[in-house]
Amino acid sequence: MSTRIAFLKGHGTENDFVIVPDPENAIDLPPAAVAALCDRRAGIGGDGLLHVVRSAAHPEAKSMAAEAEWFMDYRNGDGSIAEMCGNGVRVFARYLQRAGHVTEGDLAVATRGGVKTVHIAKDGDVTVGMGRAVLPEGDVTVSVGERSWPARNVNMGNPHAVAFVDDLAHAGDLLSPPPFSPAAAYPDGVNVEFVVDRGPGHVALRVHERGSGETRSCGTGACAVAVAAARRDGADPTATGAPATYTVDVPGGTLVITERPDGEIEMTGPAVIVAEGEIDADWLEAATSV
């Protein structure tokens, strides 16, 4: 390994990421290294890390290599592995475009949540095919302090609990994971969205992302919220044959989510690369060994 490692910094609606290009999967990134890089005071800072690897070079993605050249090896800010990150996919695509690996138009990105279709528009927005939502049966409750709410269980390749509240302040500080029940509903933890209405087809959320705390945006969370809002509002595109579109305000901006009659969900929003540089490998090794 060289003494310096290339990185970039990017964000999608202020959900920010450290990007580490590593086409041949040659850089070892244990959880402690990822956590050190994502540390906002002692590292670069980010809600998560996008490890950019060719699918054929990664054991978890080899089976998807024929469909997607690139694999988004996504890690949460604490170093844990996550199945998917919707904002991360948009930023991942923007990096591939910046690096000259892809151009405007359509591409496929491999993730632990499957292969995602992506469209890079001329106006700069990126649309991601997020797949279909799964709505597990059973009642779920989330709590903050003395308040509790029923929540819709929505799986977007990763688990979500969506609670509709009267005021986003009721979500509290979201520094620690909001308690939920029953525990069996989410054996590996859950992303929790608190949602208020802004108008017809328009909602706003705050989110606690599993492994990262409160973030400025969550793409899979926005999709889960749109699906939960549609079902609450009596809309199921697979039954009605009409798409359902929701504008979802997140603390870092706005996303537009459309659920199509075939059940596929599309998310559109911005993706920005803000900086690039080099990581000192000696620092990273020292930070990892602490």
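Student: In which helix is Arg-231 found, and what makes a stretch of residues a helix here?

Tutor: Arg-231 is found in helix α3, where helices are DSSP runs of H or I with at least four residues, strands are DSSP runs of E with at least two, and both are numbered from the N terminus. This is a predicted model, in which local features need pLDDT of at least 70 and side-chain atom pairs count only at pLDDT 80 or more, while totals for chains, interfaces and linings use all residues. Residues are numbered from 1 along each chain as its sequence is written, and side-chain values use heavy atoms, with hydrogens and water left out.

Student: Why does Arg-231 count as buried?

Tutor: Buried means under 20% relative accessible area, exposed means over 50%, and partly exposed lies in between, with a 1.4 Å probe and protein chains only. Arg-231 has 18% relative accessibility, and therefore counts as buried.

Student: Which residues does Arg-231 touch, not counting residues up to four places away in sequence?

Tutor: Contact means heavy atoms within 4.5 Å, and on that basis Arg-231 touches Leu-135, Arg-152, Asp-236, Pro-237 and Glu-259. In addition, the side chain of Arg-231 reaches the backbone oxygen of Ala-235 at 3.2 Å.

Student: Why is α3 described as largely enclosed by the rest of the structure?

Tutor: The description rests on a count: 13 of the 14 residues of α3 are buried, so this helix is largely enclosed by the rest of the structure. Helix α3 covers residues 219-232, and Gly-234, which follows α3, has a positive phi near 80°.

Student: How do you know that the span of helix α2 agrees with the expected one?

Tutor: The expected span of a helix is 1.5 Å times one less than its number of residues. Helix α2 (residues 86-98) has 13 residues and should therefore span 18 Å, and its end C-alpha atoms are 19 Å apart, which agrees. Eleven of those 13 residues are buried, so α2 is also largely enclosed by the rest of the structure; among the buried residues are Arg-90, Phe-92 and Tyr-95.

Student: What makes β1 and β18 a pair of strands?

Tutor: Two strands pair if DSSP finds at least two bridges between them, and eight bridges join β1 (residues 4-12) to β18 (residues 272-280), which run antiparallel. Within this pairing, Ile-5 stands opposite Ile-279 in β18.

Student: How many bridges join β1 and β2?

Tutor: Strand β2 (residues 15-21) pairs with β1 in the antiparallel sense over five bridges, and the bridge partner of Leu-8 in β2 is Ile-19.

Note on methods. A polar contact is a pair of N or O atoms within 3.5 Å; within protein, one must be able to donate a hydrogen and the other to accept it, and residues adjacent in sequence count only if both atoms are side-chain atoms.
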